[in-house]
Every structure is written in structure tokens, then in C-alpha cells.
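Work through the exercises below with the sequence and the model open. Each task is followed by its solution in steps.

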Amino acid sequence: IYELDSRSLWKWRFHPRKMEPTAAMQWGSLVDCLATTPELLAESVAVSPYDSYRTKEARDWRDAQLASKLILTTKDDIEQATAAAKMLTETCKASADIFAKSKSQVIVAGRVLDVKVKGLVDMAPEGEDFLADLKTVSSFSLEGFAKQTANFGYHAQMGLYRELWNAMHPNDQRQRAKLVWQDSSA
């Protein structure tokens with residue numbers, strides 16, 4: 001076992017890393033909410049009254065919001081994320097076409113090897129042969145896209161979503177998956 005590579009499936013399965021939400025993840029979640037379910041913004045975010053989290057009071061507030069699964073943000077971030085969501089849904093023709101034709105935040109569920117599995121597809125465009133998911137990347141380049149895909153298993157996630165979708169919708173089979181990339185900063 002000690003000969004297994006540190007990036008192997010064995011390590012991932014038996015020693016998973018703890019995923020703390022980073023600033024980039026919070027940004028991505030905020031833009032995702034604004035682009036796919038803007039009506040849920042008020043109940044999905046916590047606007048920080050603090051400039052930083054150096055004090056105990058600020059850290060306690062932050063931890064309580066994170067425990068409630070809220071997106072931590074500022075008023076300035078909401079304005080910038082609104083502009084980013086507008087770019088995705090209106091300005092950029094390639095992504096705007098996908099958003100315009102799609103049902104958003106579609107639940108897919110089923111069994112894989114007798115294990116119940118559930119996922120949330122960001123976009124299921126009507127009349128298309130693909131599903132789409134919005135992803136945030138810290139290095140907006142082909143190398144950055146490849147690295148993020150490998151690090152977070154986006155290719156496996158989309159394959160699973162497609163299989164679950166096809167099992168649930170026998171008359172609406174999807175053959176492909178698309179990732180819509182956005183930068184991790186405003």
C-alpha cells in the first residue's frame with residue numbers, strides 16, 4: 001500500500017482532504033447563485049459586517065454563517081458578482097445561449113453499484129444533447145481549466161450527472177457535458 005502514488009484513488013478514498021471554502025469558492029458560489037437562481041440570493045448569502053476576521057467576534061460570526069452553509073460576501077462583492085453573472089447570462093454569446101435555453105439547478109438521482117447517488121446539474125438546456133455546469137477557475141487558461149478539472153474531478157462529476165440524467169429521462173438522452181468557466185476573481 002505504501003507504494004501507491006499520493007494522488008491515487010486509494011489516498012482519495014481513505015484519506016480525503018478537508019474542503020474548507022476558499023474566497024474563490026465563495027465567489028464562485030455567489031456568481032452561480034446570481035446566474036442560475038437569483039431569486040434565492042437573499043436566503044443564500046450572509047453580507048459581512050466585518051472588514052476582516054481578525055477578532056474573535058468576527059471569526060465567531062463567520063463560523064456561524066459557514067456552519068449554516070451561507071455564502072460569505074460583501075456588498076461590493078455582490079455588485080461585482082452581479083456584473084459577472086450578467087456577462088455569463090447576457091454578454092458572452094456562447095454561455096448566454098446555454099443559460100437562455102436551460103432549466104437551472106436540476107436534481108439528478110439514482111443508483112450506482114447499488115449506492116444511492118444525487119447531484120445538482122447547473123444547466124439542462126432544452127433541445128440539446130448536453131448538460132452544463134458552471135465552474136470557477138483561479139487560472140483562466142487552458143492549463144488552469146485542465147488542472148481544476150483534474151483536481152476536483154469535474155470530468156467524473158459530469159459523467160455521473162449525465163448517466164443519472166439519462167436513467168431518469170429515457171426520452172431525453174444527453175451524450176455530452178459542457179463546463180462553463182468563469183474567473184475566480186471579479
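Buried means under 20% relative accessible area, exposed over 50%, and partly exposed in between (1.4 Å probe, protein chains only). The structure is a predicted model, in which local features need pLDDT of at least 70 and side-chain atom pairs count only at pLDDT 80 or more, while totals for chains, interfaces and linings use all residues. Residues are numbered from 1 along each chain as its sequence is written, and side-chain values use heavy atoms, with hydrogens and water left out.

**Exercise 1. Find where confidence is lowest and where it is highest in the protein.**

Step 1. pLDDT is the predictor's confidence in each residue, from 0 to 100. Its mean over the protein is 88, and 89% of the residues reach 70 or more.

Step 2. Helices (H or I, at least four residues) and strands (E, at least two) are DSSP runs, numbered from the N terminus. Helix H1 (residues 9-14) has the lowest confidence, at a mean of 57, and helix H6 (residues 93-101) the highest, at 96.

**Exercise 2. Describe the largest nonpolar core and say which element gives the most to it.**

Step 1. A nonpolar core is a set of buried Ala, Val, Leu, Ile, Met, Phe, Trp, Tyr and Cys residues joined through side-chain atoms within 4.5 Å. The largest one has 21 residues, and Leu 30, Leu 41, Met 123 and Leu 134 have the most contacts inside it.

Step 2. Two or more residues come from each of helix H2 (23-36), helix H5 (75-91), H6 and strand E5 (130-137). H2 gives the most, with 6 residues.

Step 3. Apart from this core lies another, of 10 residues, including Val 117 and Trp 165.

**Exercise 3. Which residues of H6 are buried, and what do they pack against?**

Step 1. The buried residues are Ser 95, Ala 96, Ile 98 and Phe 99. Seen down the axis of H6, they fall within an arc of 160° (taken from the directions from the helix axis to the C-beta atoms), so they line one face of the helix.

Step 2. On the face turned away from the buried side are the exposed residues Lys 93, Ala 94 and Ala 100.

Step 3. Contact means heavy atoms within 4.5 Å. The buried residues of H6 pack against H2, H5, E5, strand E3 (102-112), strand E4 (115-125) and strand E6 (176-183).

**Exercise 4. Place Ser 48 and list its polar contacts.**

Step 1. Ser 48 sits in the loop between strand E1 (45-47) and helix H4 (56-67). Its relative accessibility is 13%, so Ser 48 counts as buried.

Step 2. A polar contact is a pair of N or O atoms within 3.5 Å; within protein, one must be able to donate a hydrogen and the other to accept it, and residues adjacent in sequence count only if both atoms are side-chain atoms. The side chain of Ser 48 reaches the backbone nitrogen of Tyr 50 at 3.1 Å and the side chain of Tyr 53 at 3.2 Å.

**Exercise 5. How many salt bridges are there, and is Glu 163 in one of them buried or partly exposed?**

Step 1. A salt bridge is a side-chain nitrogen of Lys or Arg within 4 Å of a carboxyl oxygen of Asp or Glu. The count comes to 9.

Step 2. Arg 162 and Glu 163 form one at 2.9 Å, N to O. Glu 163 has a relative accessible area of 45%, so this residue is partly exposed; Arg 162, at 24%, is partly exposed.
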